[in-house]
Amino acid sequence: MMIDFYPTKAQYRSNEPIALMFEHGGTYLNSIAVLSVYHLNSKVHCQYISIDSDPLLIPLPILHGAAFGAELTIGQSRFSTAFDVTETPGFPVRYGFLSDFAACDSGADDVMQMAKYHINTVQFYDWSFRHDQLVSDQDEYSDMMGRKVSLPVVKEKIEACHNQGMQALGYGAIYAASKPFYEKHRDWGLYTSAGDPHIFINTFCIMN
């Protein structure tokens with residue numbers, strides 16, 4: 001059975017409520033636990049907790065501007081996690097990315113998993129319709145590589161990131177454009193010494 005102990009967000013803002021989640025599959029029901037919170041080598045908070053549910057949500061007092069470690073002790077068993085509180089969202093950067101945005105990828109499980117890893121900056125790679133037209137006129141579309149993308153799914157995952165204290169970072173390639181765009185702006189293209197346009201995998205026209 002998987003036992004998990006983690007913060008409810010990837011990162012917290014100062015003066016924001018902080019909480020830890022303990023999932024134990026009922027193993028420790030009706031036990032008494034001791035929760036200790038540390039900043040470096042200093043214990044900054046300690047409390048006794050009655051484990052009366054699974055999962056168990058453990059609220060913490062307001063803490064400010066630092067990284068903290070947390071240890072949950074139940075008899076001879078110990079579980080640990082960490083969390084940080086900051087005035088500047090996404091700092092320090094802990095980077096991750098998402099790359100699947102089809103309709104079948106709906107849901108926030110991937111975002112929730114990254115939050116458990118304390119990822120606080122998530123790049124959306126690649127959600128765009130075309131490099132020269134990032135947002136499609138349709139909710140469902142294929143990108144320049146032929147991958148299926150659902151704009152509602154993209155928006156859903158952005159919202160999920162924000163709810164988990166994570167910054168959502170867009171991706172926009174500035175080195176190339178689609179062939180139709182190149183045909184309209186040939187003077188913007190990059191050419192070989194023989195005058196041939198630079199085209200990557202017969203798809204991306206290298207442009208200014």
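## Exercises on a predicted model

Leaving aside neighbours within four places in sequence, serine 14 is in contact (heavy atoms within 4.5 Å) with His64, Gly65, Val85, Thr86 and Glu87. This is a predicted model, where local features need pLDDT of at least 70 and side-chain atom pairs count only at pLDDT 80 or more, while totals for chains, interfaces and linings use all residues. Residues are numbered from 1 along each chain as its sequence is written, and side-chain values use heavy atoms, with hydrogens and water left out.

### Exercise 1: Serine 14

Find out where serine 14 sits and whether serine 14 counts as buried or exposed.

*Solution.*
Step 1: Find the element. Serine 14 is in the loop between β2 (12–13) and β3. Strands here are DSSP runs of E with at least two residues, helices are runs of H or I with at least four, and both are numbered from the N terminus.
Step 2: Check the cover. Buried means under 20% relative accessible area, exposed means over 50%, and partly exposed is in between (1.4 Å probe, protein chains only). Serine 14 has 13% relative accessibility, so serine 14 counts as buried.

### Exercise 2: Strand β7 and its partners

Work out which strands pair with β7 and which residues make up its covered face.

*Solution.*
Step 1: Recall the pairing rule. Two strands pair if DSSP finds at least two bridges between them.
Step 2: Look at β4. Strand β4 (residues 31–39) runs antiparallel to β7, with five bridges joining them. Serine 36, for example, has glutamate 71 in β7 as its bridge partner.
Step 3: Look at β8. Strand β8 (residues 77–86) pairs with β7 over nine bridges, again in the antiparallel sense. Here isoleucine 74 stands opposite serine 77. β7 and β8 form a hairpin with two residues between them, and glycine 75 in that turn has a positive phi of about 60 degrees.
Step 4: Sort the faces. In a regular strand, side chains alternate between the two faces of the sheet. In β7 (residues 66–74), the covered face holds Ala66, Phe68, Ala70, Leu72 and Ile74, while the uncovered one holds Ala67, Gly69, Glu71 and Thr73.

### Exercise 3: The hairpin of β4 and β5

Describe how β4 meets β5, then place glutamine 47.

*Solution.*
Step 1: Count the bridges. β4 and β5 run antiparallel and are joined by nine bridges. Isoleucine 32 stands opposite serine 50 in β5.
Step 2: Look at the turn. β4 and β5 make a hairpin with two residues between them, and leucine 40 in the turn has a positive phi of about 55 degrees.
Step 3: Go to glutamine 47. This residue is in strand β5, and since its relative accessibility is 21%, glutamine 47 counts as partly exposed. Its contacts, beyond neighbours within four places in sequence, are Ala33, Val34, Leu35, Ile58, Pro59 and Leu60.
Step 4: Try a long jump. Glutamine 47 and histidine 198 are 64 Å apart in space, C-alpha to C-alpha, and 151 residues apart in sequence.

### Exercise 4: The largest core

Find which element gives the largest share of the largest nonpolar core.

*Solution.*
Step 1: Get the term straight. A nonpolar core is a set of buried Ala, Val, Leu, Ile, Met, Phe, Trp, Tyr and Cys residues joined through side-chain atoms within 4.5 Å.
Step 2: Pick out the best-connected members. The largest core has 23 residues, of which Phe5, Phe22, Leu35, Ile58, Leu72 and Phe83 touch the most other members.
Step 3: Name the element. β7 gives the largest share of this core, five residues.
Step 4: Don't miss the other one. A second, separate core of 18 residues includes Ala10, Val111, Ala115 and Trp127.

### Exercise 5: Salt bridges

Say how many salt bridges there are, and why the pair of aspartate 4 and lysine 116 ties together distant parts of the sequence.

*Solution.*
Step 1: Use the rule. A salt bridge is a side-chain nitrogen of Lys or Arg within 4 Å of a carboxyl oxygen of Asp or Glu. By this rule there are seven salt bridges.
Step 2: Take the pair. The side chains of aspartate 4 and lysine 116 meet at 2.9 Å, N to O, in a salt bridge. Aspartate 4 lies in strand β1 (residues 4–7) and lysine 116 in helix α1 (residues 109–116), so the pair ties together parts 112 residues apart in sequence.
Step 3: Compare another pair. Glutamate 16 and lysine 9 form a salt bridge at 2.3 Å, N to O, and both residues are buried.
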